[in-house]
Amino acid sequence: MFFSKLRPALFLAAFGVSSLNIAYAADLEEVKNKVQMMCANCHGYDGVATLIGAANLSGQQESYLKQQLKDYRSGVRKNAMMNVIGQSLSDADINNLSAWYANIKITVEPPAPPQ
Ligand code: HEC
């Protein structure tokens with residue numbers, strides 16, 4: 001199907017702690033738990049959205065993710081769900097969750113030309 005071809009193949013890079021820009025390696029388990037408990041229901045553990053209307057986050061630029069989370073937290077960017085979630089995040093959470101999703105490696109395949 002066309003859309004399944006658009007879906008990026010995903011490779012979780014997170015199994016190698018060293019590739020992840022999370023402040024302390026010890027934080028990794030905590031970050032994984034946060035992702036599972038707070039984000040995965042809508043954005044997926046691997047950053048492929050499971051809720052219609054929630055964005056794919058895997059491989060997104062880290063600085064972009066941080067900025068969006070700060071903007072949801074402050075209310076500059078408005079969305080009923082993300083404003084509530086944003087308010088429960090500390091600066092460290094924002095940095096760590098952004099690093100998590102940004103460090104998931106993706107490959108993309110543009111749509112095939114028409115036959
Ligand atoms: C209940 C579902 C839900 C949960 C849980 C959730 N999100 Fe979201 N998220 C959304 C929706 C829906 C949007 C799109 C909002 C909009 O249109 O601005 C979104 C948008 C975002 C965006 C902006 C994406 C972009 O491309 O601009 C980021 C970043 C984000 N979420 C991160 C997170 C993180 C990190 C968590 C966990 C701490 C989380 N979200 C938990 C539903 C959710």
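Start by selecting helix α3, residues 62-74. This helix has 13 residues and reaches 18 Å from its first C-alpha to its last, close to the 18 Å expected at 1.5 Å a residue. Bear in mind throughout that the model is predicted.

**Stop 1: the two sides of α3**

Keep α3 selected and show side chains. Which residues of α3 are buried? Pick Leu65, Gln68, Leu69, Tyr72 and Arg73. Now look down the axis. These buried residues cover an arc of only 135° around it, so they sit on the same side of α3. A general point helps here. An α-helix has 3.6 residues a turn, so residues three or four places apart point the same way.

Turn to the face of α3 that points away from the buried side. Ser63, Tyr64 and Ser74 are the exposed residues it carries. Then step just past the end of the helix to Gly75. Its phi is positive, at about 95°.

Go back to the buried side. What do the buried residues of α3 pack against? The partners are α4 (80-87) and α5. Visit α4 next.

**Stop 2: α3 against α4**

Add α4 to the selection. Two packed helices are described by the angle between their axes and the distance between the axes. The axes of α3 and α4 come within 7 Å and cross at roughly 95°. A crossing between 65 and 115 degrees counts as roughly perpendicular, and α3 and α4 are therefore roughly perpendicular to each other.

Select the contact itself. From α3, take Leu69, Tyr72 and Arg73. From α4, take Met82, Asn83, Ile85, Gly86 and Gln87. Colour the set by class: the contact of α3 with α4 has 4 nonpolar, 3 polar and 1 charged residues. Leu69, Tyr72 and Arg73 also appear among the buried residues of α3.

**Stop 3: α5 and Ile94**

Now select α5, residues 91-102. It has 12 residues and reaches 16 Å from its first C-alpha to its last, close to the 16 Å expected at 1.5 Å a residue. Its buried residues are Asn95, Asn96, Leu97, Ser98, Ala99, Trp100, Tyr101 and Ala102. They pack against α2 and α3.

Pick out Ile94, which also lies in helix α5. Is Ile94 buried or partly exposed? A residue needs 20 or more C-beta neighbours within 10 Å to be buried. Ile94 has 19 inside 10 Å, so it counts as partly exposed.

Show what surrounds Ile94. Leaving out residues up to four places away in sequence, it touches Lys66, Leu69, Lys70 and Leu89. Draw a distance from Ile94 to Lys70. The two are 24 residues apart in sequence, and their C-alpha atoms are 7.5 Å apart in space.

**Stop 4: α5 against α2**

Select α2, residues 27-43, and keep α5 on screen. The axes of these helices come within 10 Å and cross at roughly 85°. This crossing, too, falls in the range for roughly perpendicular helices, so α2 and α5 get that description.

Which residues make the contact? On α2, select Asp27, Val31, Lys34, Val35 and Cys39. On α5, select Asp93, Asn96, Leu97 and Trp100. By class, this contact has 5 nonpolar, 1 polar and 3 charged residues. Asn96, Leu97 and Trp100 are also among the buried residues of α5.

Stay on α2 and find Met38. With 15 C-beta neighbours inside 10 Å, Met38 counts as partly exposed. Draw a distance from Met38 to Ile85. Their C-alpha atoms are separated by 7.9 Å, although their positions lie 47 residues apart along the chain as a separation. Ile85 is familiar from the α4 side of Stop 2.

**Stop 5: the whole chain**

Clear the selection and show the cartoon. The secondary structure comes to 5 helices and 2 strands. Follow the sequence and the pattern reads α-β-α-α-α-α-β. Of the 115 residues, 22% count as buried. Finally, switch on contacts with a separation of 6 or more: residues 24 or more positions apart account for 61% of them.

Conventions
Residues numbered from 1 in each chain as written. Predicted model: local features only at pLDDT ≥ 70, side-chain atom pairs only at ≥ 80, totals over all residues. Axes fitted to C-alpha atoms, helices over the stretch in contact; angles between N-to-C directions. Helix = DSSP H or I, 4+ residues; strand = E, 2+ residues; numbered from the N terminus. Parallel < 35°, antiparallel > 145°, perpendicular 65-115°, else oblique. Contact = placed C-beta atoms within 7 Å. Nonpolar A, V, L, I, M, F, W, Y, C, P; charged D, E, K, R; others polar. Expected span 1.5 Å × (residues − 1). Buried ≥ 20, exposed ≤ 12 C-beta atoms within 10 Å, placed from the backbone. Arc of directions from axis to C-beta.
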